[in-house]
Amino acid sequence: MGQATKRMNMIEAIRDALDVKMTEDSDVLVFGEDVGYFGGVFRATAGLQEKHGLHRCFDTPISEGGIVGIAIGMASNGLRPVAEIQFADYIYPGYDQIASEAARLRYRSNGEFSAPLTIRTPVGGGIYGGTTHSQSPEALFTHIAGLKTVIPSNPYDAKGMLITAIEDNDPVLFLEPKRLYNGPFYGDPHIPSVSWAKHELGDVPEGHYTVPFGSVRRITEGPDLTILAYGTMVWVAEAAAKEAGVQADILDLRALLPLDIEAIAESVKKTGRCLILHEATRTSGFGAELSAQVAEACFFSLEAPIVRVTGWDTPYPHAQEWAYFPGPKRVMNGIRKVMGQA
Amino acid sequence: MTKKSNQSRLYVPEPPFRPGDTPDYSHIAVPANHSPPRPDPLCEDHETVEHATSLIRVMRFNGEAVGDWAPKLTADQKRKGLRDMMLTRAMDDRMFNMQRQGKMSFYMKSRGEEAVSVAHAMALRKDDMTFPTYRQQGILINRGAPIKEMMCQCLSNAGDRLQGKSIPVLYSFRDYGFFSVSGNLGTQMIQAVGWGMAEAYKDSDGIASAFTGEGATAEGDFHYALNFASTYRAPVILNVVNNQWAISSFQGIAAGEGETFAARGCGFGLATLRVDGNDFLAVYAATQWAAERARKGGGATLIEHFTYRKEGHSTSDDPTKYRPENEPEVWPFGDPVDRLKTHLIHIGEWDEDRHAAQAEECKVEIRNIYKEAEKMGSLSSATNVNDFTMFEQVYEELPGHLQAQVEAFKEEL
């Protein structure tokens, strides 16, 4: 392509996507708790107020229902709001506005009004956030017709997908795995973190580009099994497969809805085995949906039952964070199980 | 007020009268002195504190319009307002009866509250976006929206511009400044604030006007709206239509009995007005004041429209189960249509014969439009909307999984 690139971590890539869109399009506004002068608790909006003005990037009251509510009003009136919910754990006061309003406005008005808004929010554990700073509530959103739910696993995708989200004419929930902000995380907190600067997906094009929703990214290719993962678990999958000595098709889903079921089915039909990973609680998690869809599409190609490796069905504990987290060991057990070795 | 004692006991408020009681509202003092003075629309918010607890009225019951809130409306404008209210009422009556005949699943009348919607709409600019509830159909009537299309929406027939996606009365008319009505109550107050913020961001002088019943002021969304409207000085009008009843719950359940709904705005630093919602001229005046304030950068106003829901909540409701049958008649603020009629007669611009003729004319007009609408089908007829349209407008483009479901649905047929 010849587009110049720059080394960025995921926060920088997200900020760059916002900057690119705010520069291109005066309809793009960014707001949320602490996002203005201060630049956000994770620094995703640092410098945007100074560069684009107080009225383009501003602080809001601590009121997630209010944040989503004004975003709907703005979006239906022609703007492209990008709202930040400081932690996904805080999104529930805004749930009614997302589920009953943003996601249904186009439908109930038969296209007369729509809500092309983007909600960014950090998800997942790994920072000792306990029950209120670690959740992965994606399944509560993939169940909503009219909403798109996406989750990048690296800086390149984060920037391209965020630009896609802002340009999308439907509401998009953009989940940011906070443990990946600074570098890929392979699941073992005792190993010093690596930086995105040393990873090829930290090589981010400058300016405008998009990563479309609905297509998986193949992290590794292999004949032994298919591993479906998204967010932080993509990198845990890579580490666990390596350690288990298997050659896996690791698919980073990127978009949960719309889901690239064709690529998933093609891979599972090839390998005959499917391991599904997520950090969220197990029961009624998105893995259940994936498992059902894989079974429907690939049952006669399966050589072993589909296996899910997930967080436990508990709130995300504080001191026991790594006991909750589906780390490489649990994933390797899953690999052995799906390979028929357990 | 309830007795105070030295012991806390669980208190559950009850309305003064229940079925079987003889309702007596003589304790509600209808203010004879017409309301607090009209301040400059760009006054400080605290200058409207007394307006939150008193009542802005213009028309005396004898039809005389007095006080500095009396709006400068021509007789033609007033007659237009009267006709719009009568047309709204005629349509409500017709649609209610047609629901009873099984032509539609549901209907909601606005009898008794027509001034709130019609006078409010008349005092706004046509491009100001309203975020109504299901009881402001008078806005559409006032703005000249096609009545046949409204009816077709209720009938869920081939002429329904929403293609059967919404229940009756949850209209959407963007071209008439009428935001898609949500059936989830209270949610749209905060959206209107966002709409107004967008207007301000675009340097437009357009404003938004949002409605909720008094019952849904208990939702968080109402408080979000007041808070954000205050923080960002959003050009919006936040209307609470206090019609006394939220289905079967009297207004004391929503907010306790101590304070008015308008007073909720004082703590947020908003301008607050409480207006006799059965007084067409007062609703017009209060709206005009709030609209000017919003348009000129003065920020939001919370208006409580004090009125009375004369009929059931909807066709699914029977109000005689929870309130005295004759309560609507003894409600001390009269009827908005009668009161504007009395005023017009008082100033020599109307008479009983013309009024009776106009009532008949509205009835006939509605009947004729309805006949045309029903030719396009009804919920109970075979010619309603195409089932496949249910897959459309979930997203802008049909995603793969829904495409697969369209195919699966074809196999059912």
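**Close-up views of a two-chain predicted model**

**Figure 1. The interface between chain A and chain B.** In this predicted model, about 3500 Å² is buried between chain A and chain B, and carbon and sulfur atoms give 55% of that area. Three residues, Tyr107(A), Arg108(A) and Asn110(A), supply 21% of the area that chain A buries against chain B, which is more than any other three residues supply. The contact involves 42 residues from chain A, together with 40 residues from chain B. A charged side chain from the partner chain is also found at Tyr107(A), where Lys165(B) lies over the face of the ring at 5.3 Å from the ring centre.

**Figure 2. The largest nonpolar core and a second, separate core.** The largest nonpolar core has 79 residues, and those with the most contacts inside it are Phe31(A), Met74(A), Leu228(A), Leu253(A), Ile264(A), Val193(B) and Leu238(B). Helix α6 of chain B, residues 187–201, contributes eight residues, the largest share of this core, while domain 1 (5–180) and domain 2 (217–338) of chain A each provide at least three. Once residues up to four places away in sequence are set aside, Val193(B) touches Ile70(A) from the other chain as well as Ala225(B), Phe228(B), Ala229(B), Ala234(B), Val236(B) and Leu238(B). Apart from this core lies another, of 71 residues, whose members include Tyr107(B), Trp289(B), Ile366(B) and Ala373(B). In soluble globular proteins, nonpolar side chains tend to be buried together.

**Figure 3. Aromatic pairs in chain A and chain B.** Over all chains, the structure holds 33 aromatic pairs. One of them joins Trp322(A) and Phe325(A) in an edge-to-face arrangement, with 5.2 Å from centre to centre and 70° between the planes. Phe325(A) counts as buried because its relative accessibility is 2%, which is under the 20% limit. In chain B, the ring centres of Phe306(B) and Trp331(B) are 5.8 Å apart and the planes stand at 40°, so this pair is tilted. Phe306(B) belongs to strand β7 (residues 301–306), whereas Trp331(B) is in the loop between α10 (327–330) and α11 (336–346), so the pair ties together parts of chain B that are 25 residues apart in sequence.

**Figure 4. An aromatic cluster and a charge over a ring in chain B.** Phe306(B) and Trp331(B) are both buried, and these two residues form one aromatic cluster with Phe17(B), Tyr25(B), Tyr308(B) and Phe333(B). Elsewhere in the chain, Arg161(B) lies over the face of Phe173(B), at 4.3 Å from the ring centre.

**Figure 5. The surroundings of Ser110(B).** Ser110(B) is placed in the loop that runs between α2 (75–100) and α3 (114–123) of chain B, and counts as buried because its relative accessibility is 1%. With neighbours within four places in sequence left aside, Ser110(B) is in contact with Thr88(B), Asp92(B), Arg135(B) and Gln137(B). Ser110(B) and Glu304(B), separated by 194 residues in sequence, are 17 Å apart in space from C-alpha to C-alpha.

**Figure 6. The surroundings of Asp168(A).** Asp168(A) occupies the loop between α7 (155–167) and β7 (172–177) of chain A. The relative accessible area of Asp168(A) is 11%, so this residue is buried. Beyond its neighbours within four places in sequence, Asp168(A) is in contact with Arg80(A), Pro116(A), Lys148(A) and Phe213(A).

Terms used: Residues numbered from 1 in each chain as written. Chains lettered and ligands numbered in written order. Predicted model: local features only at pLDDT ≥ 70, side-chain atom pairs only at ≥ 80, totals over all residues. Heavy atoms only, no water. Helix = DSSP H or I, 4+ residues; strand = E, 2+ residues; numbered from the N terminus. Buried < 20%, exposed > 50% of the residue type's maximum accessible area, 1.4 Å probe, protein only. Contact = heavy atoms within 4.5 Å. Phe/Tyr/Trp six-rings, centres within 6.5 Å; stacked < 30°, edge-to-face > 60°. Lys NZ or Arg CZ within 6 Å of the ring centre and 35° of its normal. Core = buried A, V, L, I, M, F, W, Y, C linked by side-chain atoms within 4.5 Å. Domains from an automatic or database assignment. Buried area = accessible area lost by both parts, 1.4 Å probe.
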